[in-house]
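Look at the sequence and the model together. The text below goes through them part by part.

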Amino acid sequence: MTSDRPLLSERKSATTARFQLLGLVLVGLWAIEIIDFLIFGGRLDRYGIRPRSLGGLWGIPLAPLLHGGFNHLMANTIPLLTLSWWVMLRSIGTWLMATVMIALLGGAGTWLVARGGSVHIGASGLVFGYVGFLLGRGYYERTMGAIAVALFVLVTYGAMFWGLLPNQPGISWESHLFGFIGGIFTAYWLASKPDIISDK
């Protein structure tokens, strides 16, 4: 007779690691915004993505960490953590790779195409990227689990697709669009190179 205790212990350990990592992400984002508010008076926001500006290239990795106030951060917090969890269910390594690729691809697209004279900040590009990634993974992998998650995300977050259109002043639809595209590309790339990340 075999025991399921080692497997259950491993699952609990993986779940604990996910919660701890998401907790660090949450604390980090809010700490940055609090510091920006109390010490810098919101001046850190100028380090976001400034399209076609050499100095604005720094915004590609920094933009997801910066927000235009607590309301902006609050609006991104719940979907960011929820969608991160769904991506992490495969593995933390998958989440790390997806996060880096979405941030870089989405940020680069925004830098190249977005309106001149604007500054783009916020984690919403990652949020849309995770949506694209989870939908793309369902399409490219076509396993029951990936398809089920993709359908859940489509039903739950389908209304977000309006954010891909330039219909709201002051909203970076460009970062939404290129984050989403970056997520789909990342799902395709990882599906074609399964040995890059171990999901065991």
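What follows is a walk through a predicted model, from a helix to its ends, its salt bridges, its internal spaces and its surface.

Start with helix 5, which runs over residues 124–141. How well does the length of this helix agree with the number of its residues? At 1.5 Å a residue, its 18 residues should span 26 Å. The C-alpha atoms at its two ends are 25 Å apart, which agrees with that expected span. Now consider how helix 5 sits in the structure. A residue is called buried when its relative accessible area is under 20%. By that cut-off 15 of the 18 residues of helix 5 are buried, so the helix is largely enclosed by the rest of the structure.

One residue of helix 5 to pick out is R137. Is R137 buried or exposed? Its relative accessible area is 5%, so R137 counts as buried. R137 can also be compared with I78: the two are 59 residues apart in sequence, and their C-alpha atoms are 22 Å apart in space.

Next, look at where helix 5 stops. Just after helix 5 comes R142, which takes a positive phi of about 55°. R142 is a residue other than glycine, and it is found in the loop between helix 5 and helix 6, the latter covering residues 144–157. With a relative accessible area of 54%, R142 is exposed, because the cut-off for that word is over 50%. A second residue with a positive phi of about 55° is R52, which is not a glycine either. R52 is found in the loop between helix 1 and helix 2 (59–62). Its relative accessibility is 45%, so R52 counts as partly exposed.

Salt bridges come next. How many salt bridges are counted in the model? The count comes to two. In one of them the side chains of E141 and R90 meet, at 2.9 Å from N to O. E141 lies in helix 5 and R90 in the loop between helix 3 and helix 4, so this pair ties together parts that are 51 residues apart in sequence. E141 counts as partly exposed at 25% relative accessibility, and R90 is also partly exposed, with a relative accessible area of 26%.

The other salt bridge is formed by R115 with E174, whose closest N and O atoms are 2.7 Å apart. This pair links distant parts of the chain: R115 is in the loop between helix 4 and helix 5, E174 is in helix 7, and 59 residues separate them. R115 is partly exposed, with a relative accessible area of 41%, whereas E174 is buried, with a relative accessible area of 1%.

Now turn to the spaces in the model, beginning with the open kind. The largest pocket holds about 400 Å³ of space. It is lined by 20 residues. Which of these lie nearest its centre? They are H72, S124, G170, I171 and S172. Helix 3 (70–88), helix 5 and helix 7 (173–192) each supply at least two residues of this lining. The largest share, four residues, comes from helix 3.

A cavity differs from a pocket in that a probe fits inside but cannot get out. The structure holds one cavity of 30 Å³ or more. The largest cavity has a volume of about 130 Å³. Its lining is made of 16 residues, and I49, P64, G107, G125 and S175 lie nearest its centre. Helix 4 (92–113), helix 5 and helix 7 each give at least two residues to the lining of the largest cavity. Helix 4 gives the most, with five residues. Helix 5 thus appears in the lining of the largest pocket and in that of the largest cavity.

Finish at the surface. I34, I35, F37, L38, I39, F40 and F70 make a nonpolar surface patch of about 660 Å². Which helix gives the largest share of this patch? Helix 1, residues 5–40, supplies six of its residues. One residue of the patch is F40, which lies in helix 1. F40 has a relative accessible area of 32%, so it is partly exposed.

Conventions
Residues numbered from 1 in each chain as written. Predicted model: local features only at pLDDT ≥ 70, side-chain atom pairs only at ≥ 80, totals over all residues. Heavy atoms only, no water. Patch = residues over 30% accessible without salt bridge, like charges linked within 9 Å, V, L, I, M, F, W, Y side chains within 5 Å. Areas by Shrake-Rupley, 256 points an atom, 1.4 Å probe, with all protein chains shown as cover. Salt bridge = Lys/Arg side-chain N within 4 Å of Asp/Glu carboxyl O. Buried < 20%, exposed > 50% of the residue type's maximum accessible area, 1.4 Å probe, protein only. Expected span 1.5 Å × (residues − 1). 1 Å grid on protein atoms, 1.4 Å probe; cavity = no way out; pocket = protein on both sides within 12 Å on 5 of 7 lines; lining within 4 Å. Points joined across faces, edges and corners; volume = space filled by probe spheres on them.
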